[in-house]
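Student: I would like to test some labels against their cut-offs. Can we go through them one by one?

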Amino acid sequence: MPSHAKLLPWKDASHTSISLRPKALLAAFLSIACVLSLGGDVPAIAAISAAAAKDKKPKQDPALKGLPITELTVDEAILHALNRLAYGPRPGDVERVRQMGLAKWIDQQLAPNSIDDSAVNARLENLPTLSMSSARLIEEYPQPKQAAVQAAKRADAAANSSQQVANNGGPAGSKDKDMQNAAVTAPPAPPSSSAAVGQSAPRNSPEVNVADKASVPASMKTKPSPTNPEVAGNLSTPGAGKRNVLSGPDPNAVPRVIADDSKKPQRVIEELAMAKVTRAIYSERQLQHVMDDFWFNHFNVFAAKGEDRWYLTSYERDVIQPHTLGKFKDLVTATAESPAMLFYLDNFLSADPNAAQRQAALRAMRQNRGRFNRRSAPQGTQNQQPKKNARGLNENYGRELMELHTLGVEGGYTQKDVTELARCFTGWTIDKPRLNPEFKFDEKLHDPDQKIVLHKKIHAGGMKDGEQAIELLAKNPSTAKFISTKLARRFVSDNPAAPLVARMAKTFESSDGDIRAVMHTMIYSPEFWSRDAYRAKIKTPLELVVSAVRALGTDVDTAMPLVQWVGRIGEPLYQCQPPTGYADNAEAWVNTGALLNRLNFSLTLAGNKVRGARANVGSLLGVDATEPKVALQRALQIFLGGQASTTTLETLQKQLDSPQVLQAKLNDPVKKVDLGVVTGLVLGAPEFQRR
């Protein structure tokens with residue numbers, strides 16, 4: 001992070017000037033306090049009274065029975081669980097969990113299918129794309145040019161039909177009808193080359209295509225990413241530089257980018273993003289959706305890459321969600337076979353470089369069969385060379401499968417292992433990618449020879465080569481450590497303790513990669529409930545937006561403005577270009593511009609100025625609107641559990657005399673407190689930015 005001397009509170013992340021109105025001044029002022037509080041690797045924000053915390057060490061409360069909690073109070077432990085295993089507490093959640101017992105709540109969350117979630121499902125009924133297949137999405141939400149072509153074909157067919165009737169004085173013949181029907185229903189032609197389907201390299205790999213490096217298109221050259229400076233230049237994808245429809249310049253001022261009844265393909269991703277936010281806010285299966293977000297980020301797919309905009313709905317619904325707490329090997333297999341992943345990492349194009357020559361030889365053999373003189377090959381078959389644009393081996397998926405999905409960067413593999421692994425997955429492709437995309441294994445494109453991966457021979461034959469490779473990687477100790485470390489980093493701290501990771505990895509290996517068992521080991525560990533882990537994680541933009549909505553008990557009619565706010569703060573949903581996914585550490589999210597946007601969001605939400613979202617702040621605080629100090633103390637108690645650093649407390653108290661807080665002129669005898677501003681300032685405080 002840049003030095004504090006370079007942080008300019010009157011500039012946002014892109015150095016665009018901000019109008020210094022009173023509310024903007026408040027936001028800028030508090031953003032500096034946030035930067036100073038969050039700039040270092042601080043394990044936790046201290047309570048108002050450290051002495052009071054020391055005095056709270058009675059025997060364990062019944063609400064915490066069965067959990068190794070010794071350093072946190074009951075309320076702290078429940079808040080900790082709701083902030084780590086859920087998207088934050090709603091009004092009344094702490095008391096509800098206290099009554100049922102924290103361990104019981106956790107065990108329910110680890111078994112999400114046991115929880116009734118019909119209420120959130122009802123809220124999603126107005127998003128029709130969520131239940132559609134990829135084939136139907138392609139048909140109903142085509143690209144504008146494609147839609148125009150289809151409409152022109154239908155119009156031509158109708159005109160031809162009318163002309164035929166006029167010429168013949170009656171209905172067209174059955175053969176003509178068949179031809180007309182074919183013209184009307186003809187699907188768009190499938191891609192004829194890799195360029196047609198938007199092939200691109202996901203990262204700066206030293207070898208993109210072993211068969212023909214010179215064939216790499218110019219569109220694969222890297223460009224900076226506007227949404228994630230840390231990974232700028234890692235991936236260049238067709239359309240990546242276009243305006244992001246999920247994060248407009250002002251989520252409040254602009255209407256929906258895409259209308260509800262729009263049939264543009266952008267609407268598919270918008271509904272997917274709205275569903276994600278809606279589930280995070282309202283679902284009772286909170287851990288399920290936190291894990292959905294974790295695994296989608298782990299197996300990231302970029303929505304703006306070609307056909308993936310139609311594949312992504314099925315990818316999250318049918319691949320990620322059913323496996324979030326299952327066996328890791330099954331999750332890897334499901335992603336490997338998904339058209340979304342096959343397309344994103346170009347594995348659907350990967351083929352044995354000798355496949356074309358082998359097929360030519362087979363055709364020659366068939367032509368020779370039955371001929372009287374077998375010694376001479378038919379004319380034109382001798383010395384037949386592969387076609388100039390013949391498909392070759394693509395290592396993108398093999399590399400990311402090892403580096404990002406299983407073993408990790410330090411997993412002990414070599415470049416030779418990457419090449420051998422890529423050979424295992426030749427022939428794993430997509431059937432009818434622009435009509436009815438489904439996984440297909442094409443034996444003709446598969447490399448039939450023996451492979452050596454991590455010193456192990458793989459020669460099961462056909463599709464089983466890839467399946468054997470996945471099993472080999474899933475059982476590798478490096479995978480157990482890598483996945484356990486990522487889970488511990490997401491749920492415990494940016495730098496999880498080695499003993500915790502070791503216990504989780506041991507469970508991973510002994511349970512054959514049972515994700516639920518690994519999570520149980522982590523949650524029921526002392527490290528998870530330590531004082532150092534309490535408020536040790538910075539909320540991502542998604543977590544901040546959703547947790548603020550939940551904390552206020554906000555009623556959300558439409559989630560699109562919230563989706564846009566998530567993007568504006570820095571995490572456009574489904575728009576992460578590189579396969580690394582979004583970073584999960586403080587450095588990725590802490591900078592002046594981002595914190596200013598976070599505080600502006602908090603003030604806007606609490607002031608009921610987010611379209612389609614309404615909260616009753618006055619009823620929630622339940623205080624006299626003429627006493628600013630009382631209102632502040634009540635807001636601190638409700639939203640921060642009464643805990644705030646001295647710096648935060650002093651910063652907030654200095655704002656109580658501001659005209660933005662006191663809705664009156666200086667000479668008015670009676671001053672009314674704007675409870676929305678007070679609440680927004682508390683939600684923008686450093687402590688609320690942590691979970």
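Tutor: Yes. Start with Asp346, which is buried at a relative accessible area of 1%. Keep in mind that this is a predicted model.

Student: What makes Asp346 buried?

Tutor: Buried means under 20% relative accessible area. Asp346 has 1%, so the label holds.

Student: What makes Lys305 and Asp346 a salt bridge?

Tutor: Their closest N and O atoms are 2.8 Å apart. The cut-off is 4 Å, from a side-chain nitrogen of Lys or Arg to a carboxyl oxygen of Asp or Glu. The pair therefore qualifies. It links distant parts of the chain, 41 residues apart. Lys305 lies in the loop between α11 and α12, Asp346 in the loop between α14 and α15. Lys305 is buried too, with a relative accessible area of 1%.

Student: Why is Arg434 called partly exposed?

Tutor: Its relative accessibility is 22%. Buried needs under 20% and exposed over 50%, so Arg434 falls in between. Its salt-bridge partner is Glu307, at 2.9 Å, N to O. These two are 127 residues apart, with Arg434 in the loop between β1 and β2 and Glu307 in the loop between α11 and α12. Glu307 is buried, with a relative accessible area of 7%.

Student: How many residues separate Glu140 and Arg136 in helix α7?

Tutor: They are 4 residues apart, about one helical turn. Their side chains meet in a salt bridge at 2.7 Å, N to O. Glu140 is partly exposed at 25%, and Arg136 is partly exposed at 41%.

Student: Why does Glu571 have no salt bridge?

Tutor: The nearest side chain of opposite charge, Arg598, is 7.1 Å away. A salt bridge needs a nitrogen and an oxygen within 4 Å, so this pair does not count. Glu571 is nevertheless buried.

Student: What does the side chain of Glu571 reach at 2.9 Å?

Tutor: The backbone nitrogen of Leu542. The side chain of Glu571 also makes a polar contact with the side chain of Thr540, at 3.5 Å. Other residues in contact with Glu571 include Pro541, Tyr582 and Trp589.

Student: How do you know the span of α11 is close to the expected value?

Tutor: Its 13 residues reach 19 Å from first C-alpha to last, against 18 Å expected at 1.5 Å a residue. The helix is mostly covered, with 13 of its 13 residues buried.

Student: How many disulfides does a search of the whole structure find?

Tutor: It finds 0. The test is a pair of cysteine sulfur atoms within 2.5 Å. Two cysteines are buried: Cys424 at 0% and Cys576 at 3%.

Methods:
Residues are numbered from 1 along each chain as its sequence is written. This is a predicted model: local features need pLDDT of at least 70, side-chain atom pairs count only at pLDDT 80 or more; totals for chains, interfaces and linings use all residues. Side-chain values use heavy atoms; hydrogens and water are left out. Buried means under 20% relative accessible area, exposed over 50%, partly exposed in between (1.4 Å probe, protein chains only). The expected span of a helix is 1.5 Å times one less than its number of residues. Lys and Arg count as positive and Asp and Glu as negative; His and the chain ends are not counted. A polar contact is a pair of N or O atoms within 3.5 Å; within protein, one must be able to donate a hydrogen and the other to accept it, and residues adjacent in sequence count only if both atoms are side-chain atoms. Contact means heavy atoms within 4.5 Å. Lists of a residue's contacts leave out its neighbours within four places in sequence.
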